[in-house]
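I opened this model to look up a few local features and wrote down what came back. The entries follow in the order in which I took them up.

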Amino acid sequence: MAAEDLVERRSIDVVPDDERHGTAVSQFTLWLGANLQITAVVTGALAVVFGGDVVWSLAGLVLGNLLGGAVMALHSAQGPRLGLPQMIQSRAQFGVKGAVVPLLLVIVMYVGFFASGSVLAGQATARLTHTDDTTGIVLFAALTAVMAAVGYRVIHVLGRVASVICALAFVYLGIRLLDRVDLSALLSDAHFDLPMFLLAVSLSASWQLAFGPYVADYSRYLPRTTSARATFWWTLSGSALGSQWSMTFGVLVAASAGDAFLTDQVGYVVGLGGTGLIASFLYFVIALGKLTINVLNTYGGFMSMVTSISGFRGQKVLGPRGRAAYIAVIMVAGTAVALLGKDSFLTSFKDFLLFLLTFFTPWSAINLVDYYLISRERYDIPALFDPHGRYGAWRRDALLVYGVGLLAQLPFLVTHFYTGPLVDPLGGADISWIVGLVVPAVLYWALARRNPPGPGAGPRTERGVSPTATEASAP
């Protein structure tokens with residue numbers, strides 16, 4: 001493949017049919033590789049660190065990965081149909097300019113995940129290069145930015161490589177771990193505690209739901225004829241399998257290692273594997289796994305920034321210099337946060353995950369209800385770029401529902417810095433993400449059926465698309 005073919009030319013514009021390629025299986029390798037990594041290990045460990053036992057922590061993580069992963073995979077299935085980045089679709093619900101509201105929060109998410117990933121990957125990079133953690137974080141961030149600038153093809157290549165190498169490393173580490181721990185003792189100490197069980201569910205569900213705002217970015221180049229069912233199942237299986245594998249390892253490590261793991265997550269995992277060349281290989285694996293997901297976060301942040309600004313400037317196409325500039329902003333912001341927060345990682349990361357869930361469950365609910373139930377998988381694509389078109393500049397009904405969805409969660413939310421008033425009556429359980437899915441889904445469905453988008457793009461057909469519009473629909 002020529003170098004010019006490797007570098008992506010598209011940004012937020014529609015991918016034409018003659019540039020579509022690949023199969024739905026590519027979603028499995030990408031999301032498997034993206035989830036076989038150290039931050040997912042830490043996420044699983046948090047279920048035990050904050051008081052859960054092994055058995056019910058694992059059960060809660062499985063449930064959360066499946067529920068959150070199903071929502072995330074429904075977003076992925078939109079990519080081949082529309083040929084658009086995920087957040088551009090939000091203009092159909094929130095308006096061409098109104099979509100900036102969830103987009104700003106999405107950008108914060110990308111910066112936060114870039115930062116959290118850079119903390120752990122920076123530690124591994126520092127040990128590989130025999131430098132300090134600060135230098136390791138900066139080196140890792142720079143490499144991430146370069147690969148994100150190349151774009152879609154290199155991201156999928158990276159996912160395929162990481163899925164194989166990281167899977168082999170996790171098999172090896174799992175064998176080493178089982179040699180050290182008394183698994184039967186860990187499994188026999190089971191005591192169901194509803195708040196801790198729901199914490200485990202929330203941790204893994206939030207992990208999966210956080211992929212929702214960018215998952216279609218990596219399926220949008222698939223041919224339009226790609227089965228939505230195949231895209232859904234390959235995405236769900238790769239993401240749920242990879243994350244559960246990593247989180248299970250994290251649960252067992254946290255339950256057996258205690259403070260040895262809490263004080264140095266990267267060092268403990270590598271030490272579990274061995275020394276010398278084996279240790280160097282495991283540091284490389286940690287950096288590779290984090291590189292995969294951090295490239296996704298950087299690329300998604302770039303897409304979201306372009307989407308936000310283009311809603312006001314009308315820009316569809318972005319040149320290489322503009323692309324590099326947006327990515328540099330994500331890199332600098334994420335690196336700064338990583339350097340500031342590297343000494344309080346575990347507590348900060350847990351609160352970050354659960355707080356993110358507050359903002360993205362209402363967005364997911366609104367987007368999925370609109371796409372599958374209201375619009376029936378069809379959008380007037382030219383109107384997504386026209387603030388005077390069918391979807392308008394601001395969709396106040398959707399923004400109102402989004403705001404209600406946010407507020408409805410607050411009484412049920414549990415974080416280090418805020419606990420809602422209805423948490424204690426529920427025994428300390430955090431069910432805010434369930435409220436955040438159900439309440440806006442029902443409200444938006446009711447309002448959108450009564451107040452569909454205006455006819456600015458031209459007369460409607462019975463399938464809900466202007467006769468002159470470019471349709472994105474099931475074949």
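**Salt bridges**

I began with the charged pairs and counted five salt bridges. The model is predicted, so I read every value below as computed from it.

I looked at E377 and found that its partner is R81, with 3.6 Å between the closest N and O atoms. E377 sits in the loop between helix 17 and strand 1, while R81 belongs to helix 5 (residues 78-82), so this bridge ties together parts that are 296 residues apart in sequence. I then checked cover on each side of the pair. E377 is partly exposed at 22% relative accessible area, and R81 is buried at 7%. The cut-off for buried is under 20%, so E377 falls outside that class.

I noted R127 with D133 as another of the bridges, at 3.2 Å from N to O. R127 has 29% relative accessibility and counts as partly exposed. D133 has 28% and is also listed as partly exposed.

I also took down D397 with R395, whose side chains meet in a salt bridge at 3.4 Å, N to O. Both D397 and R395 are buried.

**Positive phi**

I went through the backbone next. Which loop holds H130? I found H130 between helix 7 and helix 8 (133-150). H130 is not a glycine, yet its phi is positive, at about 55°. Its relative accessible area is 73%, so I entered H130 as exposed.

R376 gave me a second entry of this kind: its phi is near 55°, positive in a residue other than glycine. I placed R376 in the loop between helix 17 (345-374) and strand 1 (379-380). E377, from the bridge to R81, is in the loop between helix 17 and strand 1 as well. Is R376 buried or exposed? I read 55% relative accessibility for R376, which means that R376 counts as exposed.

I added G274, which follows just after helix 14 and takes a positive phi of about 145°.

**Helix 14**

From G274 I stepped back into the helix before it. How many of the nine residues of helix 14 (residues 265-273) are buried? I got eight, so helix 14 is largely enclosed by the rest of the structure. I listed the buried residues as Q265, V266, G267, Y268, V269, V270, L272 and G273.

**Helix 7 against helix 15**

I checked how helix 7 (residues 100-129) lies relative to helix 15 (residues 277-313). Their axes come within 8 Å and cross at roughly 160°. An angle over 145 degrees counts as roughly antiparallel, so helix 7 is roughly antiparallel to helix 15. I recorded the crossing of these two helices as left-handed. The loop with H130 runs from helix 7 to helix 8.

**Nonpolar patch**

I finished on the surface. Which residues make the nonpolar patch of about 460 Å²? I noted F355, L407, L410, F417 and Y418. I followed up L407 from this group and located it in helix 18 (residues 396-409). L407 has 59% relative accessibility, and the cut-off for exposed is over 50%, so I marked L407 as exposed. D397, by contrast, went into my notes as buried.

Technical notes
Residues are numbered from 1 along each chain as its sequence is written. This is a predicted model: local features need pLDDT of at least 70, side-chain atom pairs count only at pLDDT 80 or more; totals for chains, interfaces and linings use all residues. Side-chain values use heavy atoms; hydrogens and water are left out. Patches are made of residues with over 30% relative accessible area and no salt bridge: like charges are joined within 9 Å, nonpolar side chains (Val, Leu, Ile, Met, Phe, Trp, Tyr) within 5 Å. Accessible areas come from the Shrake-Rupley method with a 1.4 Å probe; for residues, only the protein chains shown count as cover. A salt bridge is a side-chain nitrogen of Lys or Arg within 4 Å of a carboxyl oxygen of Asp or Glu. Helices (H or I, at least four residues) and strands (E, at least two) are DSSP runs, numbered from the N terminus. Buried means under 20% relative accessible area, exposed over 50%, partly exposed in between (1.4 Å probe, protein chains only). Axes are lines fitted to C-alpha atoms, for helices over the stretch in contact, and angles run from 0 to 180 degrees between N-to-C directions. Angles under 35 degrees count as roughly parallel, over 145 as roughly antiparallel, 65 to 115 as roughly perpendicular and the rest as oblique. A crossing is left-handed if the near helix is turned anticlockwise from the far one by less than a right angle, and right-handed if clockwise.
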